[in-house]
Amino acid sequence: MDTNTAILACMLIPALAAIGNLVLRDSPNLRDGMTLVAAILTFGSVLNILYNEGNGTTEPLVLFSVMPGLDLAFNVEPLGLLFAIVASGLWIVTHLYGVGYMRGNNEDNHARFFCFFSVAISTTMGIAFSANMFTLFLFYEALTLSTFPLVAHKGTPEATAGARTYLGILIGTSIGLQLVAVIWTWTITGTLDFTKGGILEGHIAGPMVAVLLALYAFGVGKAALMPFHRWLPAAMVAPTPVSALLHAVAVVKAGVFTMLKVGIYIFGIDFLAETGASEWLMWLAAFSIVAASIVAMTKDNLKARLAYSTVSQLSYITLGMALATSMGVLGGGMHIAMHAMGKITLFMCAGSIYVAVHKTEISQMTGLGRVMPITFGAFLIGALSIIGLPPLGGSWSKWLLVMGAADTGQWVMIVVLMVSSLLNVAYLLSIVGRGFFLPNPEIAAGAKSAEAGVLVWLPPALTAFGCLVLFFYAGDIQTFLMPLVAETGVSNGQ
């Protein structure tokens, strides 16, 4: 399959799966099997692109032009391909988990759920392969709209309220701020193409550079920068498979992925460094990292704690871009993969606990590790990766971010990263400790296993193993992303 065909297949296969879910709504086994095949084919299409292009950048595939400088176009470049690999690969694992969760928890409207789930994957692939800011913006909005029914899936007053907050903040920031930034960029440059080194130098100067960056930074609401972060905790009313893939991988990573694309291809890292326009964003990201971690420590609801943890971890990636150094960009790009693997593990473990024993509050989980050792063991591994301890993947991306801060002499940022890791220890390992080591009279010694079904506990076990595997392949990921910061133009294999 040639690259252009594979790019289109990555978007069309999930879209066809969405239709298939509605057609096969009354045949659950056939429907779920069909979606699994679609997930595998989508991942295969992404791997086909990887085989064809490596870490090179291709010429845009233009579907149509709205006007000069506004094309609906797609191409391959290292950061987008990494994002596509992560999202499509984890779709396979999360679909299996979603089937086990939805059936084990006796959820309603399975066909509708997996239909919108598939649409969301299709739009995520569109974001990953967007060749310009115009295309990315369209798919960014489509992702918001396609995930709204997933957040509101349960139909309860709480779910409806959470979904309204989710939609209101994400649509409000993107239309009110990001769209303004996109139009401003096109007006002064005549293009929105993602270009190595950026497109703004020579077209804007002085304080206006920081103002335009602010419109992008706050307009990309999915990056969950404070104070536009409340949508993420509000979205935790959704079923856990939604929290796992869409709010640990696809939706939130679409936000920080967009932030990195803007920094690298619209502004240009060198331009940001020369103007100092991103210095304020660096401090805001640092504040979000620490503040969200402190809030996470106060939450007794497990998914709420993980949600604020995600707010904090997303700001690591924003910080990487705002540092405007090669190491910062590489650390931010790598953290997309490392955090995705660790956080999806934690969310799936939370769902496994809920399916098995219907516990949602951390204070209710005393002693559960002794009857759910696989789930709590996977949680431990995911937590250690989020904290950044070797031999787990998260240690390398955090190290690169520390090196990025050191390159610019930002010692305060190094302290922020270290303090954040200590806070990670406090709010994540305390859950594991409660589960394994605190006594619970209701759980007798030698009590039989309370693990949920195999489709619920196996996926987080697999992703926990993935956290370990990523540790040993971090160097390959760094090499793969090197064209983002190479001084010469990007070409296939260079």
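Mentor: In this predicted model, two helices count as roughly antiparallel when the angle between their axes is over 145 degrees.

Trainee: How are H3 and H4 oriented to each other?

Mentor: Helix H3 covers residues 78-104 and helix H4 covers residues 110-128. Their axes lie 10 Å apart and make an angle of about 175°. Angles over 145 degrees count as roughly antiparallel, and H3 and H4 are therefore roughly antiparallel.

Trainee: Which class, nonpolar, polar or charged, has 13 residues in the contact of H3 with H4?

Mentor: On the H3 side the contact includes Phe 83, Trp 91, His 95 and Arg 103. On the H4 side, Phe 113, Phe 117, Ser 118 and Ile 121 are among the residues involved. The contact has 1 charged residue and 8 polar residues, while the class with 13 is nonpolar.

Trainee: How many polar residues does the contact of H7 with H11 have?

Mentor: Helix H7 (residues 207-219) and helix H11 (residues 279-298) have axes that come within 10 Å and cross at roughly 30°. Ala 210, Leu 213, Ala 214, Ala 217 and Phe 218 of H7 meet Trp 280, Leu 281 and Leu 284 of H11. By class, this contact has 8 nonpolar residues and no charged ones, and the number of polar residues is likewise none.

Trainee: Which helix supplies the largest share of the lining of the largest pocket?

Mentor: The largest pocket holds about 570 Å³ of space. Among its 20 lining residues, those closest to the centre are Phe 43, Ile 85, Val 86, Met 341 and Leu 470. Helices H2 (28-53), H3, H13 (326-357) and H17 (454-481) each give at least two residues to the lining. The largest share, 8 residues, comes from H17.

Trainee: How many residues of the lining of the largest pocket are nonpolar?

Mentor: The lining is divided here by residue class. It has 1 charged residue and 2 polar residues, and the nonpolar residues number 17.

Trainee: What percentage of the chain over residues 130-423 is helix?

Mentor: An unreviewed UniProt entry annotates residues 130-423 as "domain: NADH:quinone oxidoreductase/Mrp antiporter transmembrane". The end C-alpha atoms of this stretch are 36 Å apart. Strand makes up 0% of the stretch, and the share that is helix is 74%.

Trainee: Which residue has a positive phi although it is not a glycine?

Mentor: Most residues other than glycine have a negative phi. The exception in question has a phi of about 60°. The residue, in the loop between H7 and H8, is Ala 224.

Trainee: What is omega for the cis peptide bond that joins Met 226 and Pro 227?

Mentor: Most peptide bonds are trans. Pro 227 lies in the loop between H7 and helix H8 (231-234). The bond from Met 226 to Pro 227 is cis, with an omega of about 10°.

Trainee: Where is Pro 391 placed?

Mentor: The peptide bond from Pro 390 to Pro 391 is cis, and its omega is near 5°. Pro 391 is placed in the loop between helix H14 (373-387) and helix H15 (394-407).

Conventions
Residues numbered from 1 in each chain as written. Predicted model: local features only at pLDDT ≥ 70, side-chain atom pairs only at ≥ 80, totals over all residues. Heavy atoms only, no water. Axes fitted to C-alpha atoms, helices over the stretch in contact; angles between N-to-C directions. Helix = DSSP H or I, 4+ residues; strand = E, 2+ residues; numbered from the N terminus. Parallel < 35°, antiparallel > 145°, perpendicular 65-115°, else oblique. Contact = heavy atoms within 4.5 Å. Nonpolar A, V, L, I, M, F, W, Y, C, P; charged D, E, K, R; others polar. 1 Å grid on protein atoms, 1.4 Å probe; cavity = no way out; pocket = protein on both sides within 12 Å on 5 of 7 lines; lining within 4 Å. Points joined across faces, edges and corners; volume = space filled by probe spheres on them. UniProt positions renumbered as here; feature names shortened; annotations may be inferred.
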